[in-house]
Amino acid sequence: MTNEQNFKVGDKVRSKVAIFAIPAGISGVVVAIAHDGRYKVRLDGEKEWHGWYAGKDLELIESFDRKTAFLRELQALLRKYDARIEPYFSVGAGISSIDLYLGNDCVESWDRSVNADNIMDFDKE
């Protein structure tokens with residue numbers, strides 16, 4: 001079986017065709033690639049329900065990027081726990097530690113703190 005598309009595990013995709021009880025237009029994440037080139041897609045909102053698709057039957061929504069995925073997960077955790085991360089500077093030594101504040105642990109916030117609202121503003125490289 002040949003595919004016009006080459007997806008990788010973690011890519012967000014949408015189906016262009018209906019298969020069995022799964023209508024066209026359903027999105028999900030590629031979780032495995034079979035030896036024959038078909039893609040196993042975990043459908044959005046489902047833990048155990050998967051569909052197997054040929055590459056020509058899928059379209060890419062968003063390519064998987066480990067750095068962006070990490071930052072999104074960290075952003076969700078910072079928001080969930082109302083947390084922020086701050087570097088601690090000591091004179092002459094630069095950053096000597098990193099502090100984590102949860103909720104109202106520390107009411108003083110600095111421009112250099114990382115929180116859920118600004119984490120995606122940082123250079124991902």
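Two residues are in contact here when heavy atoms of theirs lie within 4.5 Å. Keep that in mind as we walk through this structure, which is a predicted model. Let us try the idea out on glutamine 75, which sits in helix α1, residues 66-80. Setting aside neighbours within four places in sequence, glutamine 75 is in contact with Ala116, Ile119 and Met120. One of these partners deserves a second look: the side chain of glutamine 75 reaches the backbone oxygen of alanine 116 at 2.9 Å.

Now turn to the strands. Five of them form an open sheet in the order β4-β3-β2-β1-β5, with antiparallel pairing. Because β4 (50-53) and β5 (58-62) stand at the edges, each has a single partner strand, and one side of each is left without a neighbour in the sheet. From one strand to the next, the twist averages 45 degrees. What holds such strands together? Strands of a sheet pair through backbone hydrogen bonds, either parallel or antiparallel.

Let us look at two of the pairings. Strand β1 (residues 12-15) and strand β2 (residues 27-33) run antiparallel and are joined by three bridges. Here you can find lysine 12 standing opposite valine 29 in β2. Further along the sheet, β3 and β4 pair in the antiparallel sense over four bridges, and arginine 42 has histidine 50 in β4 as its bridge partner. The hairpin of β3 and β4 has six residues between the strands, and glycine 45 takes a positive phi near 80 degrees there.

Strand β4 also shows a pattern worth knowing. In a regular strand the side chains alternate between the two faces of the sheet. In β4, Gly51 and Tyr53 point to one face and are buried, while His50 and Trp52 point to the other and are not.

Next come the aromatic rings. How many aromatic pairs are there? The count comes to one. In this pair, phenylalanine 7 and tyrosine 39 have ring centres 5.2 Å apart and planes at 80 degrees, so the pair is edge-to-face. Phenylalanine 7 lies in the segment before β1 and tyrosine 39 in strand β3 (residues 39-43), so the pair ties together parts that are 32 residues apart in sequence. Are these two residues buried or exposed? Buried means under 20% relative accessible area. Phenylalanine 7 is at 6% and therefore counts as buried, and tyrosine 39, with 3%, is buried too.

The loops have their own stories. Most residues other than glycine have a negative phi. Phenylalanine 20, in the loop between β1 and β2, has a positive phi of about 50 degrees although it is not a glycine. This residue is exposed, with a relative accessible area of 90%. Aspartate 82 lies in the loop between α1 and β6 (83-90), and its phi is also positive, near 45 degrees.

Our last stop is arginine 112, in the loop between β7 (94-102) and β8 (114-115). With a relative accessible area of 35%, arginine 112 is partly exposed. Which residues does arginine 112 contact, leaving aside its neighbours within four places in sequence? They are Ile85, Pro87 and Phe89. Arginine 112 and glutamate 86 are 26 residues apart in sequence, and their C-alpha atoms are 6.5 Å apart in space.

Key
Residues are numbered from 1 along each chain as its sequence is written. This is a predicted model: local features need pLDDT of at least 70, side-chain atom pairs count only at pLDDT 80 or more; totals for chains, interfaces and linings use all residues. Side-chain values use heavy atoms; hydrogens and water are left out. Two strands pair if DSSP finds at least two bridges between them. Helices (H or I, at least four residues) and strands (E, at least two) are DSSP runs, numbered from the N terminus. Axes are lines fitted to C-alpha atoms, for helices over the stretch in contact, and angles run from 0 to 180 degrees between N-to-C directions. Rings of Phe, Tyr and Trp (its six-membered ring) pair if their centres lie within 6.5 Å; planes under 30 degrees apart count as stacked, over 60 as edge-to-face and the rest as tilted. Buried means under 20% relative accessible area, exposed over 50%, partly exposed in between (1.4 Å probe, protein chains only). A polar contact is a pair of N or O atoms within 3.5 Å; within protein, one must be able to donate a hydrogen and the other to accept it, and residues adjacent in sequence count only if both atoms are side-chain atoms.
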